[in-house]
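Have the viewer open and the sequence at hand. We'll go from the overall layout down to single residues and then out to the ligand.

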Amino acid sequence: MIHVLLSDRLLFEPSHLTIEVKQEKSLELKITTREFRIDDFSAAVSIWEAAEGVEVAEGDSREEVHEYLLRNPGLSRVALDGETIVGAVLCGHDGRRGLIYHLAVAPGHNGKGIGRRLLQECIDGLRKAGIARALILVSGENAKGRAFWLRNGWEDVPGTIVMGLDV
Ligand SMILES: CC(C)(COP(=O)(O)OP(=O)(O)OC[C@H]1O[C@@H](n2cnc3c(N)ncnc32)[C@H](O)[C@@H]1OP(=O)(O)O)[C@@H](O)C(=O)NCCC(=O)NCCS
């Protein structure tokens, strides 16, 4: 008997053929991704607020995020489970360096490859925009977040400190 399985669901069962289709690292096929639209703002903020290690701060009002999306078309991404947003990330560049902010996946959807998929889409978008290097700011208290970035190929930048000024 041949079963064609996708994401643990039997899609069809031809009588004369058995094929098992294994998915890449448990990423369920019902997860889709697309460009972050401003209408996704409220859902994204809910995910960011629930995520340890992401601080919703200045620059994160609906109007400011809208401006950011317009300045960086297509680079920020969301992941959806059906119609529900389960992951979000802001991504942009200044013409020289890419910057990735607020990568977060909703509790309950961690460990399915969604964070990595969103991150890869950001990197692909930056590369297409001609950007050769990207940076992120990770809170010194976010050990888990730092471990995620290291696991996914990012490196510490020794000798660098981050400074800021309200302008
Ligand atoms: C960090 C976060 C976005 C990861 O998303 P996710 O969808 O759960 O992660 P993925 O399933 O895509 O994991 C991709 C890879 O990273 C690894 N990984 C995920 N979280 C990790 C962690 N905390 N430490 C080390 N590795 C981690 C996974 O094991 C996987 O690696 P492997 O397949 O090579 O074994 C998610 O845990 C989150 O929202 N955290 C809270 C917010 C946050 O800290 N964001 C980063 C701000 S700097």
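What follows is a walk through the fold, one helix, a few strands, the core and the ligand shell.

Keep in mind that this is a predicted model. The protein chain has 4 helices and 7 strands. Reading from the N terminus, the order is β-β-β-α-α-β-β-β-α-β-α. Of the 167 residues in the protein chain, 22% are buried. If you take the contacts between residues at least 6 apart in sequence, 56% of them join residues at least 24 apart.

Let's start with helix α1, residues 41-50, where A44, I47 and W48 are buried. These residues sit on the same side of α1, because they cover an arc of only 100 degrees around the axis. The spacing fits a familiar rule: an α-helix has 3.6 residues a turn, so residues three or four places apart point the same way. Turn the helix around and you find the exposed residues S42 and E49 on the face turned away from the buried side. And what do the buried residues of α1 pack against? Their partners are β4 (77-81), β5 (84-93) and β6.

Those strands deserve a look of their own. Strand β3 (residues 31-35) runs antiparallel to β4, and 5 bridges join the two. One pairing to click on is T33, whose bridge partner in β4 is A79. On the other side of the hairpin, β4 and β5 also pair in the antiparallel sense, over 5 bridges. Here L80 has I85 in β5 as its bridge partner. The β4–β5 hairpin leaves 2 residues between the strands, and G82 in the turn has a positive phi of about 65 degrees.

Now for the middle of the fold. As a rule, nonpolar side chains in soluble globular proteins tend to be buried together. The largest nonpolar core here has 25 residues, and W48, A88, V89, C91, A104, L118 and C122 touch the most other members. At least two residues of this core come from each of α1, α2, β4, β5, β6 and α3. Take C91 as an example: leaving out residues up to four places away in sequence, C91 touches N72, L75, S76, G98, I100, C122, G125 and L126.

Next, G92, which is found in strand β5. Is G92 buried or exposed? It counts as buried, because there are 21 C-beta neighbours inside 10 Å and the cut-off for buried is 20 or more. Setting aside neighbours within four places in sequence, G92 is in contact with Y68, R71, N72, L75 and L99. For a distance to check, G92 and A129 are 37 residues apart in sequence and 9.8 Å apart in space, C-alpha to C-alpha.

The contact with L99 takes us to strand β6, where L99 has its place. L99 counts as partly exposed, because it has 18 C-beta neighbours inside 10 Å. Beyond residues up to four places away, L99 touches G92, H93, A134 and L135. From L99 to C122 the C-alpha separation is 9.3 Å, with their positions 23 residues apart in sequence.

Strand β6 also holds H102. H102 is buried, with 22 other C-beta atoms within 10 Å. Check its backbone too: H102 has a positive phi of about 55 degrees although it is not a glycine. The C-alpha atoms of H102 and V56 are separated by 8.3 Å, though the residues are 46 apart along the chain. V56 lies in the loop between α1 and α2 (62-71) and is partly exposed, with 13 other C-beta atoms within 10 Å. Leaving aside neighbours within four places in sequence, V56 is in contact with V45, W48 and E49.

Last stop, the ligand. There are 23 residues around the ligand, and G53, N110, G115, G145 and A147 come nearest. The elements giving two or more residues to this shell are β6 (98-105), α3 (114-128) and α4 (143-151). Which element gives the most to the shell? That is α4, with 5 residues. By class, the shell splits into 9 nonpolar, 8 polar and 6 charged residues.

Definitions and conventions. Residues are numbered from 1 along each chain as its sequence is written. This is a predicted model: local features need pLDDT of at least 70, side-chain atom pairs count only at pLDDT 80 or more; totals for chains, interfaces and linings use all residues. A residue is near a molecule or strand if its C-beta atom, placed from the backbone, lies within 6 Å of it. Ala, Val, Leu, Ile, Met, Phe, Trp, Tyr, Cys and Pro count as nonpolar, Asp, Glu, Lys and Arg as charged, and the others, Gly among them, as polar. A residue is buried if 20 or more other C-beta atoms lie within 10 Å of its own, exposed if 12 or fewer, and partly exposed in between; C-beta atoms are placed from the backbone. The arc is that of the directions from the helix axis to the C-beta atoms. Two residues are in contact if their C-beta atoms, placed from the backbone, lie within 7 Å. Two strands pair if DSSP finds at least two bridges between them. A nonpolar core is a set of buried Ala, Val, Leu, Ile, Met, Phe, Trp, Tyr and Cys residues joined through C-beta atoms within 7 Å.
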